[in-house]
Every structure is written in C-alpha cells, then in structure tokens.
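Please open the model in your viewer and keep the sequence panel visible. The tour proceeds by selection: at each stop, select what is named and then read what is there.

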Amino acid sequence: MSNASALWYFESVNLYDVLCPHKVKTMAERHTFNYFKKDQFIYFPDEPAQFIYMIADGRVRMGHYLEDGKEVVTAILGVGEIFGELALAGEENRRGFAQAMDDKTTVCPLSIQDLKQLMYDNRELSFKMLKLVGLRLMKLERKLELLVFKDARTRIIEFIKDSATWKGKKVGHETLIPTKLTHKDIAALTGTSRQTVTTILNELKGKNLINFDRRRILVRNLEDLK
C-alpha cells in the first residue's frame with residue numbers, strides 16, 4: 001500500500017470505526033444520529049466549530065463561497081468518511097459549508113472535547129488524526145492549484161489521476177477507482193461543466209485510456225493518461 005493510499009485508508013474506515021460514538025462503549029448511550037434531507041445544510045460558514053462528524057449513510061458535499069458569492073465544492077464524502085475535522089486544528093468558526101446530498105443522510109457528531117479525550121487516551125488515534133488533517137490540507141492545496149493554473153481538460157484528467165492515487169486499486173497494469181460520483185459531481189469538484197466532463201470522459205474512453213460506468217472508473221495505464 002502506498003503512503004497516499006495508506007493515508008486515505010486512515011481517513012475512511014479506520015477512523016470511523018474508532019470515533020463513531022455509537023461504537024464507543026462510554027458514549028453510545030448518550031449519542032444520537034442526526035438526519036438530514038437532500039440539500040439540507042449540516043452547517044454554514046461562520047457557525048461555531050464544535051463537532052466533527054462521521055457519515056453513517058448518504059453523501060455530504062463540502063465547499064465554501066468566494067467573495068463574489070460563487071460556490072466552490074471542495075469534496076464529496078460518503079459512508080464511513082469524516083468531516084469538520086479542522087475544528088481540531090483550531091478552526092473556531094466554520095470557513096465553509098457541509099450539505100447533505102441524499103435524503104436521509106445520516107451523520108454522527110462527536111464533540112471536540114470528547115475527541116480530545118479519546119486522543120489523550122489513545123496515542124495511535126492522535127497519530128491518525130494528524131494524518132487526516134494533513135491529508136485534507138494536501139488535497140485542498142492540490143485542488144486550488146488545479147483550479148488556478150490548469151485548463152478544464154487538464155483539471156479533469158488530473159482529478160482522475162489524483163483519485164487513482166488516493167483511492168485506486170491496482171489490477172495488473174490497470175487501476176480501478178470505485179466511485180459513485182456523477183458527471184455533475186465531477187464537474188463541481190473540478191470547476192467545469194457537466195457537458196465538459198462528459199465530453200472529455202468519452203474522448204478518453206474512445207482512445208481506450210479509460211472505461212467507466214456509474215460505480216467505477218478504470219484507468220488502463222496511468223502513465224498514458226495525459
């Protein structure tokens with residue numbers, strides 16, 4: 001497992017299993033799940049940052065607003081993933097928003113005080129949380145680099161290559177990327193249009209560089225994808 005893949009593994013399954021209050025014996029009785037409808041906001045910019053959240057069901061869209069009001073989507077997260085973790089790094093008020101993407105999106109909140117206590121009692125957990133925060137900052141810097149310096153086609157190709165690095169599974173010379181992202185989702189994440197995403201993915205498919213369906217993207221050879 002590469003360092004990047006190991007980081008993503010820490011980001012998802014491991015931390016959810018360790019942190020979800022419903023799986024911590026000392027917390028299970030006093031915690032409830034929070035349920036959200038599609039497009040309902042879990043938190044807004046400038047709200048006090050008091051919790052981190054674990055996704056038990058559905059998907060959550062993360063983003064922020066520019067000064068001109070334009071929305072920038074920074075991540076789309078699914079079951080087992082964690083968000084709001086910058087509260088641990090000293091974020092007093094939310095800089096961005098978190099929004100449910102599906103009906104009955106279910107999240108479990110964990111207070112920063114409870115998290116710090118868990119980290120105090122578990123050195124390995126502290127290490128993993130530091131990796132999570134560092135990974136998220138790396139991803140954000142990478143996204144900003146693509147949005148500022150790259151054209152639409154390059155953004156989409158680099159998005160596929162980054163996804164392969166973070167979440168891809170090697171199958172011989174090919175790389176399988178499990179994903180439930182729609183073309184609209186990819187457009188939001190790359191700052192492009194849905195039509196542009198569709199056109200470029202079909203072009204790459206026509207050149208036999210990738211194949212894709214609703215659940216996966218298969219990259220024939222990462223070195224040839226450019």
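**First stop: Phe51.** Select Phe51, which counts as partly exposed because its relative accessibility is 30%; buried means under 20% relative accessible area, exposed over 50%, and partly exposed in between, with a 1.4 Å probe and protein chains only. This is a predicted model, in which local features need pLDDT of at least 70 and side-chain atom pairs count only at pLDDT 80 or more, while totals for chains, interfaces and linings use all residues. Residues are numbered from 1 along each chain as its sequence is written, and side-chain values use heavy atoms, with hydrogens and water left out.

Phe51 belongs to strand E3 (residues 51-57). Helices (H or I, at least four residues) and strands (E, at least two) are DSSP runs, numbered from the N terminus. Which residues does Phe51 contact, leaving aside its neighbours within four places in sequence? They are Gly84, Ala87, Arg94, Pro109, Leu110, Ser111 and Ile112, where contact means heavy atoms within 4.5 Å. Now add Phe83 to the selection: 32 residues separate Phe51 and Phe83 along the chain, yet their C-alpha atoms are 9.2 Å apart.

**Second stop: Asp39 and a pocket.** Select Asp39, in the loop between strand E1 (34-36) and strand E2 (41-43). Its phi is positive, about 75°, although Asp39 is not a glycine. At 46% relative accessibility, Asp39 counts as partly exposed.

Next, add Arg61, Met101, Lys184 and Asp185; together with Asp39, these lie nearest the centre of the second largest pocket, which is lined by 13 residues. On a 1 Å grid over the protein atoms alone, a pocket is an open set of points where a 1.4 Å probe fits, with protein on both sides within 12 Å along at least five of seven lines; lining residues have an atom within 4 Å of a point. The space in this second largest pocket is about 240 Å³, a volume being the space filled by probe spheres set on the points, which are joined across faces, edges and corners. Strand E7 (97-100) and helix H5 (183-190) each supply at least two lining residues. The largest share, three residues, comes from H5.

**Third stop: a four-stranded sheet.** Select E9, E10, E12 and E11, which form an open sheet in that order, with antiparallel pairing; two strands pair if DSSP finds at least two bridges between them. Why is one side of E9 and of E11 left without a neighbour in the sheet? Strand E9 (169-171) and strand E11 (210-212) stand at the edges, so each has a single partner strand. From one strand to the next, the twist averages 25°.

Then focus on E11 and strand E12 (residues 216-219), which run antiparallel and are joined by three bridges. Here Phe212 stands opposite Ile217 in E12. Add helix H4 (residues 152-167), which lies across E9, strand E10 (174-178), E11 and E12 and runs at about 85° to E10. Axes are lines fitted to C-alpha atoms, for helices over the stretch in contact, and angles run from 0 to 180 degrees between N-to-C directions.

**Fourth stop: Asn208.** Select Asn208, in the loop between helix H6 (194-206) and E11. Asn208 has a positive phi of about 60° although it is not a glycine, and it is partly exposed, with a relative accessible area of 47%.

**Last stop: the whole chain.** Finally, select everything. The chain has six helices and twelve strands, and buried residues make up 46% of its 226 residues.
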